[in-house]
Amino acid sequence: MKKTLTRIFVIAATLIFVSTIGFAADTKDAAKNVPPAKSAVEKQAPAKPEAKKELVDLNTATVAQLKAIPGIGDTYAQKIIDGRPYAKKDQLKTKKILPDAVYDKIKDMIIAKQEPKKK
């Protein structure tokens with residue numbers, strides 16, 4: 001009877017030991033996948049702003065420059081050129097050159113510069 005209890009104790013201790021080793025190995029693997037903590041300075045620093053892209057001037061842009069804008073193809077580029085000059089960029093909508101959805105998509109990429117009046 002004493003030998004049986006001893007064997008049960010040894011088996012139980014072995015199972016506990018083996019499961020602990022497996023848990024420790026899982027913890028080490030998980031720790032490898034955790035990104036390092038950011039310092040207080042990194043947490044407070046604002047994200048670097050993207051380089052500001054050059055706005056496309058509706059009054060002087062070439063067909064190729066206009067076609068480089070997402071959503072503007074040959075037809076819209078030619079309509080934009082034919083509708084010049086523009087006092088404001090939203091005239092693309094009011095003159096019905098572009099649909100509202102296309103204009104809303106590109107409005108932050110375009111500008112309608114005014115030439116200075118000659119004296």
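Here is a short conversation about a predicted model of one protein chain.

Me: What pattern do the helices and strands follow along the sequence?
Reply: Happy to start there! The protein chain has six helices and two strands. Read along the sequence, their pattern is α-α-β-α-α-α-α-β.

Me: What percentage of the residues in the protein chain is buried?
Reply: Let's begin with the surface: the chain has an accessible area of about 10200 Å², and carbon and sulfur atoms hold 62% of that. A residue counts as buried when its relative accessible area is under 20%. Among the 119 residues of the chain, the buried share is 18%.

Me: Which residues make the nonpolar surface patch?
Reply: One member, I8, sits in helix 1, which covers residues 2–32. The patch has an area of about 380 Å². The residues that make the patch are M1, L5 and I8.

Me: Which side chain of opposite charge is nearest to D57?
Reply: D57 belongs to strand 1, residues 56–57, and is buried without a salt bridge. Setting aside neighbours within four places in sequence, D57 touches I111, A112 and K113. A salt bridge needs a side-chain nitrogen of Lys or Arg within 4 Å of a carboxyl oxygen of Asp or Glu. The nearest side chain of opposite charge is 5.4 Å away, and it belongs to K113.

Me: Which backbone nitrogen does the side chain of D57 reach?
Reply: Although D57 has no salt bridge, its side chain does have a partner in the backbone. The distance is 3.1 Å, and the nitrogen is that of N59.

Me: Is D74, in its salt bridge with K67, buried or exposed?
Reply: Good one to look at, since the count of salt bridges comes to one. In that pair, the side chains of D74 and K67 meet at 2.7 Å, N to O. K67 is partly exposed, with 40% relative accessibility. The relative accessible area of D74 is 52%, and over 50% counts as exposed, so D74 is exposed.

Me: Where is P85, the residue that follows the cis peptide bond from R84?
Reply: Most peptide bonds are trans. The bond from R84 to P85 is cis, with omega near 0°. P85 is in the loop between helix 4 (74–82) and helix 5 (91–94).

Me: What is the phi of K96?
Reply: K96 lies in the loop between helix 5 and helix 6 (100–106), and is exposed at 72% relative accessibility. Most residues other than glycine have a negative phi. K96 is not a glycine, yet its phi is positive, at about 60°.

Technical notes
Residues numbered from 1 in each chain as written. Predicted model: local features only at pLDDT ≥ 70, side-chain atom pairs only at ≥ 80, totals over all residues. Heavy atoms only, no water. Patch = residues over 30% accessible without salt bridge, like charges linked within 9 Å, V, L, I, M, F, W, Y side chains within 5 Å. Areas by Shrake-Rupley, 256 points an atom, 1.4 Å probe, with all protein chains shown as cover. Helix = DSSP H or I, 4+ residues; strand = E, 2+ residues; numbered from the N terminus. Buried < 20%, exposed > 50% of the residue type's maximum accessible area, 1.4 Å probe, protein only. Lys, Arg positive; Asp, Glu negative; His and termini not counted. Polar contact = N/O pair within 3.5 Å; in protein donor to acceptor, adjacent residues only side chain to side chain. Contact = heavy atoms within 4.5 Å.
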